[in-house]
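Please look through the sequence and the model shown below. The paragraphs after it move from a single strand to a sheet, then to a loop, and end with the chains as a whole.

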Amino acid sequence: MEEPPQTTPPDQHRLREIELDVRTQDVEINMGPQHPATHGVLRVLLRADGEILVGAESHLGYLHRCAEKIGENVDYIQYMPYTDRYDYLSSMNNNLSYSLAVEKLLGVEVPKRGQYLRTILAELNRIASHLVAVGTYGIDIGAFTPFFYALREREFLLDLFEKICGARLTYSYIRPGGVMNDAPAGWLNKVAEFCDIFDQKWPEYWNLLVQNKIFIERTANVGVMPAQTAIDWGCTGPMLRGSGVDWDLRRDQPYLVYDQLDFKVIVGEGYRGTLGDCFDRNFVRMYEMLESIKMVRQCLAAIEEGEVSHPDVSLTIRPAPGEAYVGIENPRGELGHYVVSDGTKIAKRMRCRAPSFVNLSVVEHTLPGCMLADAAAIIGATDIVIGETDR
Amino acid sequence: MGLLTEKFDDNVLTTRVDWLLNWARLSSIWPMTFGLACCAIEMMAVGASRFDIDRFGAGAFRATPRQADLMIVAGTVNFKMGERVKRLYDQMPSPKYVIAMGACATGGGPYYKFGYTVMKGVDRIIPVDVYIAGCPPRPEALLEGLMLLQEKIRRQKVLRAPQLEEKPKAPSLV
Amino acid sequence: MEAPKRDTAWGPMEVHFQAAREAHAALQEAGLEVELHQPNLPIFAEEGEAKRLAKKKADEPHEWRGDAFLLLKDRERLLEALSLIREQLAFQQIVDVTAVDFDAEDSVLWGVYQVLSLTKKARLTLKVHLPKDDCRVASAVSVYPGADWHERESGEMYGITYEGHPDPRNILLPDDWVGYPLRKDYEFPEEYHGISCV
Amino acid sequence: MKPLTIIASALPEAPVSEAAAPQGNGLTEMLAGWLPESVPFWGLTLMASGLAFGVIMAFVSVVAMFSTWLERKVAGHIQIRLGPMRVGGWHGWAQAIADGVKLLIKEDIILASADRPLFKLAPALVLGTAISTFVVLPFAPGVMIADVHLGIFFVIAISSVTTIGVIMAGWGSNNKWSVYGAMREAAQVASYEIPLGLSLMPPVIYYGSFSLLEATQAQSGWFGMHWYILDPSVMLVSVPSFVLFFVATLAETKRAPFDLPESESELVAGFHTEYSGIRFSFFFMEEYAAMFVMSAIATVLWFGGWNFLGLAALEGIPVLYTTACMLVFIVKSMLLVFVMMWVRWTLPRLRIDQVMILGYKYLTPLCLIVVFAASLLEYLRFVLSN
């Protein structure tokens, strides 16, 4: 078993003093909670020797919203809006994970059309989330423009979501027992249209940002995380796949209709620089968007008319006692809901296993040895959502 | 301008100067790059292509509070963050404005009842100029909030003596 | 290895049950006292059952549905069990460490460990009972480094002491927070630093 | 033109101290014509200097304001937005005025823990040096504050004083991010001074003069299109030297991809993190003034200064001719400023070690090669023409 990586080599400071015969002192810099590169209210306490970081410590909790406590106090349907607000960039996936966990306790399976709609929306939401991730990563690196290009396509997606459920960001569309309502007339054609548009736009980001020489210089070989470290620390999603581990819950523990879809799991391959660096994580996100488009197209071809919700599930839910954990592949990794029921209409435990929380825990071990500017690059490549890390 | 502020009576000159100063202030509201939660994503959308808050002169997002005029409290404020929000507000140079964006910043939102660490409205620590409803508000709502703020600034009196009551002082956090 | 068959809309079930049975046997063989708990209701409900359940009175007896789990009797031997699970049974990744306070009247909390095997493509849940008056358990960080922040979180939320944790500070709550919020008997605070909480 | 001998002949003839005094004395003479005889010469000089300062100050303000507006519009359109549209009416033309007035009446915060003298002096020093570089720019025939013989040298020397101001600001702010910004600025500017200076050598060798006025006059041939960069006989060095100069300029003026001293996503706002209101606007103005000056230098040395096709035909009408020349000069410079903005909104930012590597390992050797090639070319031209 591998030793956990050291945060700060304790003797490094002394060693440097001896080597150079100069008395130096590390600078302690407080990055955040209001800092443009921390994607919200993360606070990282950096210890730096000039431009080189020698230590880092993450401080969380600036957005702790007690969602788990609320889950133990409100009933199952009332809890839906809170799942939206965990990872507010991919609410559909949060809804999905929660709904699947409750359905596992209920023992009901959603009709086929509902499953296809869920898959389409989860994948579209993955694209929307990755677009923000890639765009804001550009900002972290110093390129502002790709962000606006990414948000342009995202607005198209948000329009689609708005058409189907009325909200731009917090959908509560996928709910226990099925989905809120069937897709309005012509909606699926709009989705097909989006797929065509996105195929044309994708090379724009690729050329503008990812293929840029400066971008490659800034991200390749930065924040390298070996596969073993990623597994040990429980990283999931693009963080894990960026390190070259071939693991995707959609393929390896298939839920919904993913077993009937033909898609490739994108794994980092050290296309530029070392395997497992920031470039690879971004690379995985870029190509996952194309895979999602592929999946959406297959779903559109396969979807058929029918019911979208299970007739047995109403607004009052009293699942059988028991406990259920369902982990699904969120854009950021494995999002799991662990629900403990005692047979009443209020759950006994509503645990959310947040991928950002786990992925972030390894960042403070990756930072030492990097440069100050790399801190922004590494935190950006982790793609955290603070609503989820703090819950 | 501190010397001249609020020292004069109404007359033609002061009203015209007031008009100019207010026009400058309302035309160039620089918000702080400061997102807290879900609403911050909509705030980003407001800055982006479709809504483009820059059209109204409020698009120069400044990362440092020293150069910002407007703090958009976009999201849930909890006690741990509230301390920082208060400090950031104190760091901003006056005249400064606050928009409480969304239900959480306005009054705790969905976390009102069981959110033990959630502050029930950011107005408990800093004075708020404009409240925007929604969870999260649509970008259009934020634009409307900005325009309401502009209206509010337009009515302000800079050189002339104040006739409105002072804002109630917010309690200190620490 | 092939992807496991999709049994249900929420993913494969049989492979997890299988893993739980295997782990139960292996842990018992190693001399650890472990109970295997398996649901006694079928995976899928009968037609109309959900409707019937929704109208059911609280005091009627229930059957049990959901995941299987292992209950480790002796919490002192948790690390032994976890390293066995990691080394022999190839559950490489820790997914989640959390706790459950099932009822305010209960004398115990449940410590819950979710692990995942990337090779077997299966999950496993291990539970220990922690008495509320002596709420401590060995930290899993030495076996699974990824348990670090999870333990900090459930430590502050439930007041569990993870013995041997490298950095047992509060992670989400402020350092001076009073009480353990996720316990069922938690009383909501009246005010914090002069700000009213209601 | 006397190739190869100029550097030797130019230096002893025009030491900086003498050259810095008003040369043509056009303004002084004009004032002398208007004012009574009793006004002494030093009084006239003082008045002329004051007037010149006023004119420059106004010009810098206008340029900076226009550039901020342009920057926001350029950024907007590159980012498929519109940029300012409402303030003042047509395409938000009054946006920069509103920004300026607002910053003027903003609260001026000086930290209790700041080093007050440094903190207060820094913005003034920065803006002052940026303004003084305008003194030597030849806007049009006769429109030039001072024809310094060592004009190019003067600009390079003075513009690097800005660095001291930035370091003062960073250190005086008592903020760690600011110190980081200041240190980066120091390292970056010190490194890029070398390629910047060297890349100016090919045109200097070509014109045989350090004077910006002479450089402009030398490019007036071919009906106003005999620009250095268009001269086929030296294109081999003029184009690379311009590219090198442009890259070094981006670093010198702290523009992306070299905007490390104020890199927003890393250092919050870098050295001016703690500055608010009018003092911040000084830094703001300095940035755009420096961009304009550097673009103007490039215009003079590579793009023919005020010369343009057929402009000489207007020479009979002095007012029109001067205005047209000024217009040509300013438009050319603003086009280069636009290119700098274009670059900024396109490229990501380099890391500090990459900036250093680029400066020392690539730009400096390339500049040396180009200077060598330019000298060789000039020698060949000299040999061939005789």
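Is strand β3 (residues 93–100) of chain C largely enclosed by the rest of the structure or exposed, and how many of the residues of this strand are buried? In this predicted model, 8 of the 8 residues of β3(C) are buried, so the strand is largely enclosed by the rest of the structure. Buried here stands for a relative accessible area under 20%. In a regular strand, side chains point alternately to one face of the sheet and to the other. For β3 of chain C, burial takes in 8 of 8 residues.

The pairing of this strand can be followed next. Strand β4 (residues 108–117) of chain C is joined to β3(C) by 7 bridges, and the two run antiparallel. One point at which to trace the pairing is C:Thr98, whose bridge partner in β4(C) is C:Val112. As for confidence, chain C has a mean pLDDT of 84, with 92% of its residues at 70 or more.

Chain A offers a sheet to follow. Its strands β6, β7 and β8 form an open sheet of 3 strands in the order β6-β7-β8, with antiparallel pairing. The edge strands are β6 (322–330) and β8 (349–353) of chain A, each of which pairs on one side only. From one strand to the next, the twist averages 10 degrees. Strand β7 (residues 333–341) of chain A is joined to β8(A) by 5 bridges, again in an antiparallel arrangement. Within this pairing, A:Tyr338 has A:Arg351 in β8(A) as its bridge partner.

A helix accompanies this sheet. Helix α4 (residues 91–106) of chain A lies across β6, β7 and β8 of that chain. The helix runs at about 150 degrees to β6(A).

Where does A:Gly50 sit? A:Gly50 belongs to the loop between β2 (43–49) and β3 (52–59) of chain A. The relative accessible area of A:Gly50 is 36%, so the residue counts as partly exposed, a class that lies between the limits of 20% and 50%. A:Leu372 is 322 residues away from A:Gly50 along the chain, yet their C-alpha atoms are separated by 8.5 Å.

The last step is the assembly. Of the 5 pairs of chains that touch, chains A and C have the most contacts between them. Chains C and D, on the other hand, do not touch, and their nearest C-alpha atoms are 25 Å apart. For the complex, the predictor gives an ipTM of 0.85 and a pTM of 0.87.

Terms used: Residues are numbered from 1 along each chain as its sequence is written. Chains are lettered from A and ligands numbered from 1 in the order in which they are written. This is a predicted model: local features need pLDDT of at least 70, side-chain atom pairs count only at pLDDT 80 or more; totals for chains, interfaces and linings use all residues. Side-chain values use heavy atoms; hydrogens and water are left out. Contact means heavy atoms within 4.5 Å. pLDDT is the predictor's confidence in each residue, from 0 to 100. Helices (H or I, at least four residues) and strands (E, at least two) are DSSP runs, numbered from the N terminus. Buried means under 20% relative accessible area, exposed over 50%, partly exposed in between (1.4 Å probe, protein chains only). Two strands pair if DSSP finds at least two bridges between them. Axes are lines fitted to C-alpha atoms, for helices over the stretch in contact, and angles run from 0 to 180 degrees between N-to-C directions.
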